[in-house]
Amino acid sequence: MNRYDSAVLRSFLEEKGHRWTDDVVDADLIIVNTCAVRQHAENRAIGRLEELVSLKRKQPDKKVGIIGCVAQELGEKIFKKIPTLDFVVGTDKISAIADIIDGTAERKVYTDIDEKFYGLASPPHIEDGDFSAFVTIMRGCDNFCSYCIVPYVRGRERSKPPQKIIDEIKLAAERGVVEITLLGQNVNSYRYGDIDFSKLLEMVAQIENIARIRFITNHPKDFSKKILDVVEKYRDKIPASFHLPLQSGSDKILAAMNRKYTISQYLSIVEDIYRRFPDAIITTDIIVGFPGEDENDFLQTITALNEIGFGGIFAFRYSVRNGTKAAKLKDNVPETEKIARLNEIIKLGIRLAQKYSKKQIGTIQKVLLGNISKKNPEFITSTAPSGRVVLIPRREFFKKFVDVKIEKASTWVLWGKPIIFHNKPF
Ligand code: 5AD
Ligand code: SF4
């Protein structure tokens, strides 16, 4: 979400005549976009800002500002930590940056929430040669999971008008983008008039030259059969790859988290997915150490993870967020226990990811060829429909689409041999 917002801000500023530089010393203006979802992310952002404002000692004209969720959360308070910061602009007031740069702004802090704000009108910046792009389809969140700060810092859920989304994707396609990832805190609750998420997905699948469509994040309480119907109808464009955050395998903890589903409801969605798409990949998010999580709750999570056989798990240690409902609960799982549980889930996640990857050996998958791998320059990086990275020897690279036979697998990466090249999107 932040990468998308930053790409839009870049276009917005370029339209106003500003130029991008990769060099922080050279820059007249440095804007740090921030995430407040866990304390760790927040600390890193503050640390980075402290480093950047220190450049102002030698370059007093340089402006350094903060945007995003930490800006929204802390507002004025950030000046206590970083007094020489030039501006603080929250999630809905991003256009204020134009006035701040021009020197016509009346304030240094802009954090009012604007429920009608769908994002800046500028299309996101797309780098030459990019084959993949994000498109935000909604802002904010109404779910109020008890641990989560997002509804407070990003405001109420609003769905972006479908025409805006389609125009943006068409523009990206003209720039050579062939893969689109639709973004929202809960894409399954997208609704604009009578257009719901499944309808929107279908509209996107019909756009010429878009060869692959992904979407994140799903919410089990809103995930519908209608979405699976669209995935099935456009199988060659929409991979059966679902990120479906479970958070916990214990009904007691799920209720305390205000997730609004039970483990058995979650399992029935998973069953549905695997029944319709036996080769589907399902990935998930897990929080360990939520207040009240005892050994038994944790074991239920482990059982659920093994049973479902996820292709990837993103595991997090519970982090208290001020202002949330859970912040009022006693954070009663000892830190050492949280770390032990986190490590166990991470290890299990690696085992499950390896199992999924190994299963792909011998299969033939259609992949989109990307750029030369930074880590392995003799390979081209690409992505399989599941989202796994596939490395292909560089000397074989001459077309954009290719059927690849998977020959080797590590946890997150598959190695492939090209079989058939396609000139046109599949
Ligand atoms: N502590 C730990 N993890 C969190 N997440 C959201 N809020 C918190 C929190 N307070 C995790 C959830 C979510 C992912 C994006 O971040 O698992 O799905
Ligand atoms: Fe946070 Fe829950 Fe909304 Fe996701 S759905 S952004 S976890 S409140």
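The following legends describe four close-up views of a predicted model.

**View 1. The shell of residues around ligand 1.** Eleven positions need not be sought one by one, as the strands give a starting point: β13 (281-288) and β14 (312-317) each contribute at least two residues to the shell around ligand 1. The residues around this ligand are V37, R38, Y147, Q247, D285, I287, F316, R317, Y318, S319 and R321. By character, the shell around ligand 1 consists of 5 nonpolar, 2 polar and 4 charged residues.

**View 2. Polar contacts and cover of ligand 1.** The side chain of R38 has an N or O atom 2.8 Å from an oxygen atom of ligand 1. Two contacts involve the protein backbone. In Y147, a backbone N or O atom is 3.0 Å from a nitrogen atom of ligand 1. In S319, a backbone N or O atom is 2.8 Å from a nitrogen atom of ligand 1. On its own, ligand 1 has 400 Å² of accessible area, and the protein covers 85% of this area.

**View 3. The surroundings of ligand 2 and the cysteines.** Ligand 2 has around it C141, N143, F144, C145, Y147, C148, V150, P151, Q185, H219 and R259. This shell divides into 7 nonpolar residues, 3 polar residues and 1 charged residue. Y147 is listed here and also belongs to the residues around ligand 1. One of the cysteines around ligand 2 is C148; C148 counts as buried because its relative accessible area is 16%, which is under the limit of 20%. The number of disulfides in the model is 0. C35, for example, takes part in no disulfide, and the nearest cysteine sulfur, that of C69, lies 6.4 Å away. A disulfide would require the two sulfur atoms to be within 2.5 Å. Is C35 buried, exposed or partly exposed? C35 is partly exposed, because its relative accessible area of 33% falls between the limits of 20% and 50%.

**View 4. Helix α1 and the residue that follows.** Helix α1 comprises residues 2-15, a run of 14 residues. From its first C-alpha to its last, α1 reaches 20 Å, close to the 20 Å expected at 1.5 Å a residue. How many of the 14 residues of α1 are buried? The helix is mostly covered, with 10 of its 14 residues buried. These buried residues are N2, Y4, D5, A7, V8, L9, R10, S11, F12 and L13. Just after α1 comes G17, whose phi is positive, at about 95°.

Methods
Residues numbered from 1 in each chain as written. Chains lettered and ligands numbered in written order. Predicted model: local features only at pLDDT ≥ 70, side-chain atom pairs only at ≥ 80, totals over all residues. Heavy atoms only, no water. Near = heavy atom within 4 Å. Polar contact = N/O pair within 3.5 Å; in protein donor to acceptor, adjacent residues only side chain to side chain. Areas by Shrake-Rupley, 256 points an atom, 1.4 Å probe, with all protein chains shown as cover. Helix = DSSP H or I, 4+ residues; strand = E, 2+ residues; numbered from the N terminus. Nonpolar A, V, L, I, M, F, W, Y, C, P; charged D, E, K, R; others polar. Buried < 20%, exposed > 50% of the residue type's maximum accessible area, 1.4 Å probe, protein only. Expected span 1.5 Å × (residues − 1).
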